[in-house]
Structure formats: structure tokens, C-alpha cells
Amino acid sequence: MAVAEFEVPKVQPYPLVDIPKIKPDATVHLKSFPASEKIQEGIGFPGPLVDNWHKVAIDKMGDLLNRYRSLAVYMDACVHCGACTDKCHYFLGTADPKNMPVARQELMRKVYRRYFTFAGKYFPKLVGAADLTEDVLNDWYSYFYQCSECRRCSVYCPYGIDTAEVTMAAREIMDAVGMGQKYTNEILGKLHRIGNNLGLPGPALLDTLEGLEEDILEDTGVAVKMPIDVKGAEVLLITPSADFFSEPHVESLIGYAKVFHEAGISWTLSSLASEAGNFGLFIGSYENMRRAAMRIREAALELGVKRIVVGECGHAWRVAYSFWNTLTGVGHGGEDEFTRALQAQLDPRYPAPQHICEMTLDLINQGVLKFDKEKNDHRTITFHDSCNVARGSRMGNMPGGQFVIPREIIKAVANNFHDMADETIGEGTFCCGGGGGILTDDLMEVRVKGAMPRMQALQCVVDEHQVNFMAAICAICKAQFSKVLPYYKFDMSMIGGVHQLVSTSIRLSEKK
Ligand code: SF4
Ligand code: SF4
């Protein structure tokens, strides 16, 4: 059982009746470790705080307001209606009023008013404008790293104001003045240098995959392969590096391999592009996001694959689905020669990119895959919609496909499934509490408290239906829940992947 050095929120009966009584500054002291100068430089930012930080910050804000029309609209559009105030899991879990989405935005909005509006320049007190001081910047560092960029608040805002974009802009400004976060920026540097978030070099990867092949053979008696760097394979699988050896992630990787085996689809991983995750999204850095994503285009061209399939990872799927086209040319006809070459190479009969769940459900519907569903009978399953899949992307050819497809797979491979309360799933899903750059031990209190609304909804289906397995299609959700579930007296092995369930019940044949 995890022992907390802080008060773990009480899980109360759902639906939530009590909006917490506010506790000002309850979490102002919770700050991630700052990035060192070396880490900052590795991803193109200065560090520590530069001498002329004030000018750099205001110039950067002006640049972002010009570059992103949405940000300028968000700065002006809020009418302080309050609809978002109780929608953030970090506010519900910490009671700190600055974790209300509108208050989080206000940290930037008051500075915006001061430097970018007429009234704010000449009558700052009248319009709630404030100078950008070191104290304000410190507040930014606390509270913009207590936002997982989950976008739940934007669903309930009548103007669709997206706090996640405000958070990304604030982080970009902080990075520009040398105030970066160690966790995200160090990982991004590893991705640029080595090719994955874990810093796993090619030979270690190969070794891990060979070990997994042996494990599957021992378990099933069937020689399922884990190919890497195979030129001419049909599919390039881009998956989070956590899938290579973290638990429970690796169980899903085994599931993908079994699906490819049984469907007779030739596939490969890539040592050049051994990471689906792209933390450039979390810090709002287009340049870093593009640099990370370009590895995938390079690998696809080098290996000559016909399809690109993405494994179980929420923010990675958002980047792939929503941004790869403009970042790398995957998914549309760009103008540079590499993009044109890639478009000519990819098979137009398949979406580019395609989610592994789309591929698996297609194969199930075609009758290519068969299952012994009773092998999952020891599990009563629920499904956690991950934020970036739910509110930042889609799957399949129907609106809401991202909600339907994973559930259809679960029902095809297992007998016992129960959804959590409607308002906590689908578009209104609650974040796991660890997304968007929060999955670091220095923010454990924020992570545990932010997980409370999801734990509450889970407790309900545990009590009503004896649920003992929560499936997810996100590497961060899996890592976060593995750590946080014990704080709420759940077993850490309750969390697992959709393809972990596929892996358990798929019928394998000696073939192909
Ligand atoms: S964590 Fe999610 S709900 Fe909370 S402010 Fe950020 S985007 Fe909004
Ligand atoms: S719901 Fe939208 S308009 Fe209303 S306070 Fe929140 S951000 Fe402002």
C-alpha cells in the first residue's frame, strides 16, 4: 500500500455532491524540479532565468498572440460565467482556487491585459491587469504545471476556451526565458538524441524484443515475432517506448504482435523511430514537436512501409492524428519531395496514420481474428477514456469512433464489461491526473489528488459490478494509475491495456 505524506482525498459516493470549499494557495508550493541549463540547451532553450527575462517573456507572448489566433481569442473571450470552475480534476482534488480553469487562464490573462490592451496599459487596476513580476512568473510555474492539458474544461465552456492551449503558451514563454521543467524537457532531449523517451539504444531494444519472443513462445507454444528495422514490411508500428518493458504496457505490445501474427500482416518496429510519445506537445513547442515527429517520416521512407500504425498512447495519437499532416506530411499531400515520396509509397486504402484499435477492430469485423472470450472471465472490465484520444482526436469513419472502437474490441474479446458513470467517460472523461507533463514523482501530491474524480467513478463500478480491471489506451494513464491506484486502496494491477485483453483471449495458429 502506498503511504502518502499528504492527505489523500476521500472518495465519496458518485455523483459528486460537494464542490470543495476553496483553500487558497493549497498547492502553490508544489513545483516540478526545474530543468538545468544543459537540459534546456538540449532542446533549444536558454537556462537558467535569462537577465532580460521580462522583455523576452513579453516579446514571446506577443509572438504567440500573433501566431495563434485562438490564443488571442481565448484571452479576450472569457465572460467569467463560472461554468468551468468545478470541471478540473486538480481543483476538485486540491481545492486550490487557482486550479479552477478560469483562474488558471487569469494568470496569463491579467498579464495580457497589462501589455496588450489599451485599458490595461492606462487603467490597469480598473480592468484587473497586472505587471509580469517574478512572483507572477513563479505562480505560472506552479499552476501551469498543475494542468494536464486534458481539455475537459473546454467542453463545458460556452465559448470553447481551451485552457490547455493557454497552458502550452505559458510553458513556451517560460521555456523561452529559461524556466523549463526538468521532467518534460529532459525526456524530450533523450528523444532527440537517442530516439525514445527512455533513452533505450537500438541493441537494448533488440535484446528486449528477443526476450519477449521467447516469453510468448514459452506461454503459447507459437512463434510470434517482434520484428525491428525490417525493410519492405507492410506496416511500421510506432508505439510508446514504455511498451517495450514497463508493466502493464508490455502486455499490449505482446497483444499487437499476436494480432499481426494471426492476421498474417508483415510489420516492423523501427530503432530510429522507437517512440510514439512526443512531449513537444506538452510544452507547446512546434519546433520540438516537429523535430520529434520527423524521425517517423524518415523511418517510414527508409523502411519502405505501406502503412503506419500507432500503438496505445493518448497524446501520441493526438499528435499523430491531429498534427502529423502539417508536421511531417503523413496523412496529406504536402509539397516537399519527401512528403510526396511518402504519399506515393503509403497505401491509400488505409488511414494514415491508423490507430492499432482501428486495425484490430477491422480484423475482428472481417472475421480474421477469433477469440476464446472466457479466458478473460476472471476480469470484470471498465474502460477509461484517455483525454487526448477523447478530446483531441478521433478514430474510424464516424463521429465518436474513439469512444466506440475500443469498447467494441473489449466486448469482442471479453464477456464482462461495465462503463463508469456517463458524465465521467466519453467527451467528459476525467483525466488520470498524470498527463501533459505531470507524470513525475516531484508532483506526486498533485497526481494523487488530481486522480480523485476518476477514482470515485471507479469505486462506483467496483461497488456495483465488482469491476477488477480498468482498460486504457494510453501509456501515461497506465503509468499514472499503476502508481496512484494503491493510494486509493485499489490493486495496482487493475490497470491494463485493451490489447492486453486481446492478448489473453486471441486464438493463435502456427502459420504465416
Ligand atoms: S487540467 Fe484539464 S480541466 Fe484542468 S485546467 Fe487544465 S485543461 Fe482544464
Ligand atoms: S466557462 Fe469559459 S467563459 Fe465561463 S469562466 Fe470558464 S473559461 Fe470563462
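**Group meeting: ligands, helix pairs and domains in a predicted model**

Let's start at ligand 1. By class, its shell holds eight nonpolar, three polar and five charged residues. Keep in mind that this is a predicted model.

Which residues come nearest to ligand 1? There are 16 residues around this ligand, and the nearest are Cys 88, Pro 101, Cys 147, Cys 150 and Cys 153. Now the helices. At least two shell residues come from each of helix H5 (101–116), H8 and H9. The top contributor is H9, which gives three residues to the shell around ligand 1.

On to ligand 2. Its surroundings include four cysteines by name: Cys 78, Cys 81, Cys 84 and Cys 157. Val 79, His 80, Gly 82 and Ala 83 are also around ligand 2. So are Pro 101, Val 102, Tyr 159 and Ile 161. What is the class make-up of this shell? The residues divide into 10 nonpolar, two polar and no charged. Pro 101 turns up around ligand 2, and Pro 101 is also listed among the residues nearest to ligand 1.

Next, domains. The assignment splits the chain into domain 1 (46–179), domain 2 (194–362) and domain 3 (370–505). Take domain 1 and domain 3. Their centres, over C-alpha atoms, are 30 Å apart. The contact between them uses 14 residues of domain 1 and 17 residues of domain 3. Which elements of domain 1 give two or more residues to that side? Helix H4 (89–94) and helix H8 (152–156) do. H4 has the largest share, five residues. By class, this side of domain 1 has six nonpolar, five polar and three charged residues.

Now helix packing. Two packed helices are described by the angle between their axes and the distance between the axes.

First pair: helix H2 (residues 53–67) with helix H9 (residues 163–176). Their axes come within 9 Å and cross at roughly 140°. Why is H2 called oblique to H9? Because the crossing angle is roughly 140°, and only angles over 145 count as roughly antiparallel. The crossing of H2 and H9 is right-handed. On the H2 side, the contact is made by Val 56, Ala 57, Lys 60, Met 61 and Leu 64. On the H9 side, look at Ala 169, Glu 172, Ile 173 and Ala 176. That gives seven nonpolar, no polar and two charged residues.

Second pair: helix H13 (residues 249–263) with helix H23 (residues 498–505). Here the axes are 7 Å apart, and the angle is about 55°. That makes H13 oblique to H23. This crossing is left-handed. H13 brings Glu 251, Ser 252, Ile 254, Gly 255, Tyr 256, Lys 258 and Val 259. H23 meets them with His 499, Gln 500, Val 502 and Ser 503. By class, the contact of H13 with H23 has four nonpolar, five polar and two charged residues.

Last, some backbone points. Most residues other than glycine have a negative phi, and most peptide bonds are trans. Where are the exceptions here? The bond from Gly 47 to Pro 48 is cis, with omega near -10°. Pro 48 sits in the loop between helix H1 (37–42) and H2. The bond from Glu 247 to Pro 248 is also cis, with omega near 5°. Pro 248 sits in the loop between helix H12 (242–245) and H13. Then there is Ala 95. Its phi is positive, near 65°. Ala 95 lies in the loop between H4 and H5.

Notes: Residues numbered from 1 in each chain as written. Chains lettered and ligands numbered in written order. Predicted model: local features only at pLDDT ≥ 70, side-chain atom pairs only at ≥ 80, totals over all residues. Axes fitted to C-alpha atoms, helices over the stretch in contact; angles between N-to-C directions. Helix = DSSP H or I, 4+ residues; strand = E, 2+ residues; numbered from the N terminus. Parallel < 35°, antiparallel > 145°, perpendicular 65-115°, else oblique. Left-handed = near helix turned anticlockwise from the far one by under 90°. Contact = placed C-beta atoms within 7 Å. Nonpolar A, V, L, I, M, F, W, Y, C, P; charged D, E, K, R; others polar. Domains from an automatic or database assignment. Near = placed C-beta within 6 Å.
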